[in-house]
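Hi,

Here is the structure I promised to pass on to you. Have a look at it first, and then read on for my notes.

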Amino acid sequence: MKYLWFSWVLVLGSSSCSLPAKQQAGTTVNIRWNRDPENLSPLAQPNQNAVDAATLLHCSLLQVDLSTGTYSPALADSLPRTRLLGDSLTHLQYQLRRAASWDNGRPVLATDVAFTLKLIFCPGLPNEKARAPLGFIRDIKLDPTNPRRFTLVCRGQAPEFSFESGDFAIVPEDALDPTHSLRKFSVASVATANATEPTLAALVTRYQQADLGRNPKRLPGCGPYKLAKWKTNQYLTFERKTHWWADNLRPAPFVLQAKPAKLHFRIIADDATAALALRRHELDVLPQVSARDFKRLQESSAARQSFAFYSTVSYEVVTAGFNTRRPLLRDSLTRQALSKLFAPARLLQATQLGQGQRTVGLVHPGDRRYYASNLPLPAYNLPQAQTLLQRAGWTQQATGWTRSAVGSQAERLALMLRYRTDEPTFQTIALQFKAAAALLNIPVELRPTESSLLTTALREGNFDMYIRIQKGNPFAFDYAAMLHSRNAKEGNFTKFGTPATDRLIEAVATAETPVQKRQLLYRFQVMLQQQAPLVPLFFLSYRLVADRRLQNLYPSALRPGYSAPTITWAANAAPALAQQ
């Protein structure tokens, strides 16, 4: 099946070509990253660039094929065989490719997969993000007759398990557990164990001492590239392995292609500086281009001759979230009222020049199967905000809004809004909200915060509201990471969750038929508007500009918006100026 996003990519520009003044032989591709990945551990990936780096260093059982918009076998030799047991369990049988091997020549075996799962569920490791989407896996059973075959035991019978179960990087057991001490544990026993259990505690110590986030060479992957250079906040260079196990596969699967000899990522935080580097041919690929820079480049005849332009509506939605554990924001009526102070239509135009799409919720508007198009779009409405505040018990006075509180001093409605400091879109949204709130005499303190500090502040609940991007995909509808109460200390920064909403979110993730999923997702979208733990403002567009001589970028609506390993230069075209 091809997913909806695949037909949305637009290619703009002419077909002529302009060569840069300086050229270099070879097959290096120079790509812009807007921030440092910070950590290259396969477990802890603090941002998208860290995720992208992990896909170069490591392989998963299954990986997304951007040429078709589906999951395809990578380390696995085929999609898993599915067997339903009773009405509550699923068995997924995998077999690893016979050719798959680590750099030392040792084969990738089922024991490596088992160890990786235990690492993901091990207490005391920074594995919360890796663990959340795999919570349905209860155990792994190794085939005693075939060291490459294994079965995953899953709780539930959702169709999505067949590809979600294979989407995690496999690491070598021998590198972190040379004595195979974890083999005596099941996945379930590791997940429920105490961090002080001696064997697990020893593993955690080895992991921490290895400092894999900064030294990925200590955990060799079976991916096509190795890290050659890393200068923090300046650049990373990945070199193609001379001998890689997948080189001999014929035909070469899309997800196991690695064409460039080097991938050089320049870290340029400022959009204007990045656009200038592209014009100077210091960059070959400029992803995630701002709307204004994209328009400016398109309007340049010289740029149109040298570069190709791509645009598609992504699965990333800009949201404003509320800290539902703050006394001021515990009730849904107050959150609904404040939601009415955002102006999504105007903000989409102001920040994205209208490129993107407004939405009623977190389901993509392009998904006609599940999007609740009959629900109202969030909209700016000052009178409604005022009415809702009054219904929530707030009283408007000359000094602002107050509400009586049982056994304590009256509450005063004043808000602190956090957002990432280097994102102009967030700043524009924050300023618009602050101005609207001022019309109702609601003070708002804007607190732009550096990225790493922002994550800590959100995790600790040191905010009233935030602005950030929620990432989605067309493959699964698991909202537990962002809205389930069990994740209130990690990805669920709104701290929202009740027994009823938790059950609904779990039911959505494990729905077994399209009809059931449609009904549940409609209830979820209604719940989101009624409870308003966050306000979905609009889905972003991905804009990509690349040297016109590059081929096989496969622009897509999924992060990072293109396929770096498959990029090639057109025949007889010398690549642009390479790295420093």
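Taken over C-alpha atoms, the centres of domain 1 and domain 2 are 34 Å apart. Bear in mind that this is a predicted model. The division puts domain 1 at 57-198 and domain 2 at 315-540. Where the two domains touch, domain 1 puts in 14 residues and domain 2 puts in 8 residues.

Next, the second largest pocket, since both domains have a share in it: domain 1 and domain 2 each provide at least three residues of its lining. Its volume comes to about 600 Å³. The lining counts 21 residues, and those closest to the centre of the pocket are Ala132, Gly135, Arg155, Ala480 and Arg486. As for secondary structure, at least two lining residues come from each of helix H3 (128-131), helix H4 (161-164) and helix H17 (499-510). Which helix gives the most? That is H17, with 4 residues in the lining of the second largest pocket. If you are thinking about the chemistry of that lining, the split is 10 charged, 7 nonpolar and 4 polar residues.

Then there is closed space. How many cavities of 30 Å³ or more does a search of the whole structure find? The count is 1. The largest cavity holds about 60 Å³ of space. Around it sit Pro287, Gln288, Tyr310, Ser311, Thr312, Tyr542, Arg543, Leu544, Pro555, Ser556, Pro560 and Gly561. Strand E13 (307-322) and strand E21 (534-547) are the elements that give two or more residues to this lining. By type, the lining of the largest cavity has 6 nonpolar residues, 5 polar ones and 1 charged one.

One of those cavity residues, Pro560, turns up again in the backbone geometry. Arg559 and Pro560 are joined by a cis peptide bond, with omega about 0 degrees. Pro560 belongs to the loop that runs between strand E22 (550-551) and strand E23 (568-569). There is also a cis peptide bond between Arg250 and Pro251, where omega is about -5 degrees. Pro251 is in a loop as well, between strand E10 (235-240) and strand E11 (262-267).

While you are checking the backbone, look at Asn441 too. Asn441 is not a glycine, yet its phi is positive, at about 65 degrees. You will find Asn441 in the loop between helix H14 (424-439) and strand E19 (444-449). For context, most residues other than glycine have a negative phi, and most peptide bonds are trans.

Last, a helix pair. Two packed helices are described by the angle between their axes and the distance between the axes. For helix H11 (residues 332-339) and helix H18 (residues 514-531), the axes come within 7 Å and cross at roughly 90 degrees. An angle of 65 to 115 degrees counts as roughly perpendicular, so H11 and H18 are roughly perpendicular to each other. On the H11 side the contact uses Ser332, Arg335 and Gln336, and on the H18 side Gln529, Gln530 and Gln531. No nonpolar residue takes part in the contact of H11 with H18: the tally is 5 polar and 1 charged.

If you only have time for one part, I'd open the second largest pocket, with its lining drawn from domain 1 and domain 2.

Cheers

Terms used
Residues numbered from 1 in each chain as written. Predicted model: local features only at pLDDT ≥ 70, side-chain atom pairs only at ≥ 80, totals over all residues. Heavy atoms only, no water. Axes fitted to C-alpha atoms, helices over the stretch in contact; angles between N-to-C directions. Parallel < 35°, antiparallel > 145°, perpendicular 65-115°, else oblique. Contact = heavy atoms within 4.5 Å. Nonpolar A, V, L, I, M, F, W, Y, C, P; charged D, E, K, R; others polar. 1 Å grid on protein atoms, 1.4 Å probe; cavity = no way out; pocket = protein on both sides within 12 Å on 5 of 7 lines; lining within 4 Å. Points joined across faces, edges and corners; volume = space filled by probe spheres on them. Domains from an automatic or database assignment.
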